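Open the model in your viewer and keep the sequence panel beside it. This tour moves from one selection to the next.

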Amino acid sequence: DLPGYDTRRWGPPFTEEGNESAYFLCVNRNKKSITIDLKKEEGVGIVEKLVAESDVLVENYLPGKLDSMGLGYDRLKEINPGLIYVSISGYGPTGPYAELPGYDVVVEAMGGIMAITGTEDVPCKIGVAMTDLTTGLYAKSATLAALIARGKNGGLGQKVDCSLLESQVASLANIGQNYLVAGMEGRRVGTGHESIVPYQGFHAEDGQFLLCVGNDKQFKRMAEAIGMAELAGDEKFKTNPARVANRDEIVHLLSEKFATESIDHWLALLGGKDGVPCAPINPISEVFKDPQVHARDMVQTIHHPTIGNIQLVGPAVKYSETPAEIRLPPPLLGQHTDEVLNSIVGLEQGVIDSLRTSGVL
């Protein structure tokens with residue numbers, strides 16, 4: 001096996017210079033990379049020294065793997081009682097699936113999201129690894145909550161368990177609750193919505209756009225704007241429950257209307273702050289041309305040591321007092337080993353060189 005995180009080789013595409021995968025670049029900004037052989041006793045000792053100086057450790061080995069290597073939570077909390085130890089796995093450390101490896105697409109299938117995504121006849125995975133991303137976001141908020149709790153309970157840390165399956169089940173949101181409350185099985189409705197109509201994509205003369213009518217006032221406003229005011233007074237369409245019951249008919253009527261003009265025509269009629277939520281269904285190339293995306297600094301440029309200047313997606317959240325920024329490019333494998341071990345652990349360069357010679361680093 002080649003060394004380093006698998007996503008370094010998840011491509012194409014790769015950059016022309018440096019042979020770095022776009023996948024790796026997208027998820028590893030602002031990180032530093034060190035390489036340690038955890039199968040060697042000296043390597044475990046280095047991790048213990050890092051733990052002693054750290055607030056948070058995040059790991060995603062199979063449950064029990066780090067325990068067998070002497071790096072489980074019970075051992076590390078002896079070194080640092082304030083440590084927040086975050087474990088991310090496929091299915092959690094208990095239950096019949098605990099020892100199975102977890103993959104986003106497998107959990108999408110098992111956890112229900114694939115059953116409600118796609119067209120009526122064809123279940124689909126989400127276009128990005130959304131279960132992975134959701135689990136990371138749950139892990140982040142859980143980590144912050146644990147740090148706040150540590151500040152309130154005398155500095156005591158704790159272990160935080162996150163899993164792909166639990167994150168996916170929690171993310172079923174209203175569709176999951178529909179089943180628990182009413183036994184209603186989720187279904188695939190394409191770009192549509194289980195409980196709101198019209199709330200989906202439509203074909204215009206020159207492409208597709210999305211229309212989201214969230215309430216009856218918006219439906220009336222939409223009907224008037226497109227020259228079909230009579231729809232708002234029809235008992236079959238007057239309220240959202242009625243429109244859901246008569247979904248096929250109202251969607252057919254609107255589809256015929258929208259096919260007669262361009263996307264820009266309909267967006268001009270329907271959009272604006274007092275209009276009805278709508279948008280073009282943009283390809284990725286149009287997303288990164290959008291003036292609002294650029295106005296919010298969602299495309300940023302940073303220098304990479306082997307590639308040169310690269311563009312990366314900017315931070316999603318803005319802070320008034322502590323601005324978020326891309327400080328570091330995604331790291332080369334082991335790029336910061338010497339820097340981290342010297343500045344955090346306090347190892348002399350001669351010791352670091354010796355550890356590298358012996359294969360620990």
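This is a predicted model. Start at M110, which sits in helix 5, residues 104-110. M110 is partly exposed, at a relative accessible area of 39%. Now add Y97, L100, Y103, V105 and V106 to the selection; with M110 they make a nonpolar surface patch of about 550 Å².

**The parallel sheet**

Select strands 1, 2 and 3. They form an open sheet in the order 1-2-3, with parallel pairing. Which strands stand at the edges? Strand 1 (56-59) and strand 3 (158-163) do; each has a single partner strand, so one side of each lacks a neighbour in the sheet. On average, neighbouring strands here are turned by 15° against each other, direction ignored.

Zoom in on strand 1 and strand 2, residues 84-89. Four bridges pair the two in the parallel sense. Pick V58 and look across: V86 in strand 2 stands opposite. Next, show helix 6, residues 130-152. Helix 6 packs on this sheet and touches strand 1, strand 2 and strand 3. The direction of helix 6 makes about 160° with that of strand 2.

**The antiparallel sheet**

Move on to strands 4, 5 and 6. This is an open sheet of three strands, ordered 4-5-6 and paired antiparallel. Its edge strands are strand 4 and strand 6 (278-280), each pairing on one side only. Neighbouring strands in this sheet are turned by 25° against each other on average, direction ignored.

Take strand 4 (residues 199-204) and strand 5 (residues 207-212) together. They run antiparallel and are joined by six bridges. A hairpin of two residues leads from strand 4 to strand 5. Select F202; F209 in strand 5 stands opposite.

What joins strand 5 to strand 6? Three bridges do, and these strands also run antiparallel. Here L211 stands opposite C278 in strand 6. Then bring up helix 12, residues 247-258. Helix 12 lies across strand 4 and strand 5, at about 35° to strand 4.

**Backbone stops**

Now switch to the backbone. Most peptide bonds are trans, and most residues other than glycine have a negative phi. The next stops depart from that.

Go to G11 and P12. The peptide bond that joins them is cis, with omega about 10°. Step on to P13: the bond from P12 to P13 is cis as well, with omega near 10°. P12 is in the segment before helix 1 (22-27), and P13 is in that segment too.

Select N30, in the loop between helix 1 and helix 2 (41-52). Its phi is positive, near 60°, and N30 is not a glycine. Is N30 buried, partly exposed or exposed? At 24% relative accessibility, N30 counts as partly exposed.

Jump to A173, in helix 8, residues 173-182. A173 is not a glycine either, yet has a positive phi of about 50°.

**Salt bridges**

Show the charged side chains. Side chains of opposite charge can pair when their charged atoms come close. The count for this model is 14 salt bridges.

First, pick R8 and E20. Their closest N and O atoms are 3.9 Å apart, and the two form a salt bridge. Both R8 and E20 lie in the segment before helix 1, twelve residues apart. R8 is buried at 13% relative accessibility, and E20 is buried at 7%.

Next, pick K32 and E339. Their side chains meet in a salt bridge, 2.4 Å from N to O. K32 lies in the loop between helix 1 and helix 2 and E339 in helix 16 (residues 337-345), so this pair ties together parts that are 307 residues apart in sequence. K32 is partly exposed at 44%, and E339 is partly exposed at 38%.

Stay in helix 16 and pick D338, then add R356. D338 forms a salt bridge with R356, the closest N and O atoms being 2.6 Å apart. D338 is in helix 16 and R356 in helix 17 (residues 349-357), 18 residues apart. D338 is partly exposed, with a relative accessible area of 25%; R356 is partly exposed, with 35%.

For the last stop, select E48, R75 and E78. Salt bridges that share partners join these three into one network.

Notes. Residues are numbered from 1 along each chain as its sequence is written. This is a predicted model: local features need pLDDT of at least 70, side-chain atom pairs count only at pLDDT 80 or more; totals for chains, interfaces and linings use all residues. Side-chain values use heavy atoms; hydrogens and water are left out. Patches are made of residues with over 30% relative accessible area and no salt bridge: like charges are joined within 9 Å, nonpolar side chains (Val, Leu, Ile, Met, Phe, Trp, Tyr) within 5 Å. Accessible areas come from the Shrake-Rupley method with a 1.4 Å probe; for residues, only the protein chains shown count as cover. A salt bridge is a side-chain nitrogen of Lys or Arg within 4 Å of a carboxyl oxygen of Asp or Glu. Buried means under 20% relative accessible area, exposed over 50%, partly exposed in between (1.4 Å probe, protein chains only). Two strands pair if DSSP finds at least two bridges between them. Axes are lines fitted to C-alpha atoms, for helices over the stretch in contact, and angles run from 0 to 180 degrees between N-to-C directions. Contact means heavy atoms within 4.5 Å.
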